[in-house]
Amino acid sequence: MLDTLAGWFDGFWSGAGYLLIVSVVLLAARYRLGPWGTPRPPVTGKALPPAIVEACALNATPDAAVAAQARVFPDQDAARVARMFEEFGFSFARDGSFATHPGSEAVRRVVDALFAPADRDVVLAELARYGGARHEISPGRLRLDILKESGGDPQAVKRLVGMARRDFRDVVVMAETPRFLRGVAEGSGEALMTLVDPRSDAHLAVADADLRQFGMWLLQYVR
């Protein structure tokens, strides 16, 4: 994923090398990922401003879920949104980004809702293929993302599991942050610099829109 972002910025390097470095580091901080899926190593050299580090830290504030609910789902039943956050193990950062940590029961519930009875065991077996290798971290989160992107197609599950095993970051950004990804791919100049700044209103608005699309999909599977 980070190699892909570097390609997008090719030709934009002149006068914007620092932007590229900051963008890559911010995305790595956003997903807590490093090269080949290993945990992100400590940043060396010139440190990022503390405000940026704090903005990208998951669970930065105790009331993050409450704040996200008020901003992003004001038109939804508050109790149901709170249950979604709890049942699927949401965590949040100040910049509006999120991660999920669902248990096996929650994942099974989504599988049962999405697939015909004859396909469920096959789908569960495919999902179980992810998570065995050292670099295949956060299996619950990735299985949920795979189910979202599969659209209920068992063959899509197989394809997405293979994609996640090669580089799970591709599946994460596809499922969780499509609007942010599109903005990075299509943006330029000052607008792009603002978008990748986790302290900016533009960044928060895009992060909230991505949370909204993910949450509205997931709300239908809340007990």
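In what order do the elements of the protein run from the N terminus on?

**Figure 1. Overview of the predicted model.** The elements run α-α-α-α-α-β-β-α-α-α-α-α-α-α from the N terminus on. The protein thus listed has 12 helices and two strands. Of its 223 residues, 45% count as buried. Among contacts in the protein with a separation of 6 or more, 68% are accounted for by residues 24 or more positions apart.

**Figure 2. Alanine 67 in helix 4.** Helix 4 covers residues 64-72, and alanine 67 has its place there. The relative accessible area of alanine 67 is 30%, so this residue is partly exposed; the partly exposed class lies between the buried limit of 20% and the exposed limit of 50%. Phenylalanine 92 is 25 residues apart from alanine 67 in sequence. In space, the two residues are 9.7 Å apart, C-alpha to C-alpha.

**Figure 3. Packing of helix 7 and helix 9.** Helix 7 spans residues 117-128 and helix 9 spans residues 154-176. Their axes are 9 Å apart, and the helices pack at an angle of about 5°. Helix 7 is therefore roughly parallel to helix 9. On the helix 7 side, the residues that meet helix 9 are Asp119, Val123, Glu126 and Leu127. Their partners in helix 9 are Pro154, Val157, Lys158 and Val161.

**Figure 4. Crossing of helix 7 and helix 8.** The axes of these two helices come within 10 Å and cross at roughly 130°. This angle makes helix 7 oblique to helix 8. The crossing of the pair is right-handed. Val123, Leu127 and Ala128 in helix 7 meet Arg143, Ile146 and Leu147 in helix 8. Val123 and Leu127 are also among the helix 7 residues that meet helix 9.

**Figure 5. Serine 138 in the loop between helix 7 and helix 8.** Helix 8, residues 139-150, follows the loop that holds serine 138. Phi of serine 138 is near 50°, a positive value in a residue other than glycine. Most residues other than glycine have a negative phi. With a relative accessible area of 31%, serine 138 is partly exposed.

**Figure 6. Packing of helix 10 and helix 11.** Helix 10 is formed by residues 178-186, and helix 11 by residues 189-196. The two helices pack with their axes 9 Å apart, at an angle of about 150°. They are therefore roughly antiparallel to each other, since an angle over 145 degrees falls in that class. Helix 10 passes helix 11 in a left-handed crossing. Where the two meet, helix 10 contributes Phe180, Gly183 and Val184. The residues they meet in helix 11 are Leu192, Leu195 and Val196.

**Figure 7. Serine 200 in the loop between helix 11 and helix 12.** Serine 200 counts as buried because its relative accessibility is 11%, and the buried class takes values under 20%. The side chain of serine 200 reaches the backbone oxygen of aspartate 197 at 2.9 Å.

**Figure 8. Helix 12, residues 201-219.** Helix 12 has 19 residues. From its first C-alpha to its last, helix 12 reaches 26 Å, close to the 27 Å expected at 1.5 Å a residue. The buried residues of helix 12 are His203, Val206, Ala207, Asp208, Asp210, Leu211, Phe214, Gly215, Trp217, Leu218 and Leu219. An α-helix has 3.6 residues a turn, so residues three or four places apart point the same way.

Conventions:
Residues numbered from 1 in each chain as written. Predicted model: local features only at pLDDT ≥ 70, side-chain atom pairs only at ≥ 80, totals over all residues. Heavy atoms only, no water. Helix = DSSP H or I, 4+ residues; strand = E, 2+ residues; numbered from the N terminus. Expected span 1.5 Å × (residues − 1). Buried < 20%, exposed > 50% of the residue type's maximum accessible area, 1.4 Å probe, protein only. Polar contact = N/O pair within 3.5 Å; in protein donor to acceptor, adjacent residues only side chain to side chain. Axes fitted to C-alpha atoms, helices over the stretch in contact; angles between N-to-C directions. Parallel < 35°, antiparallel > 145°, perpendicular 65-115°, else oblique. Left-handed = near helix turned anticlockwise from the far one by under 90°. Contact = heavy atoms within 4.5 Å.
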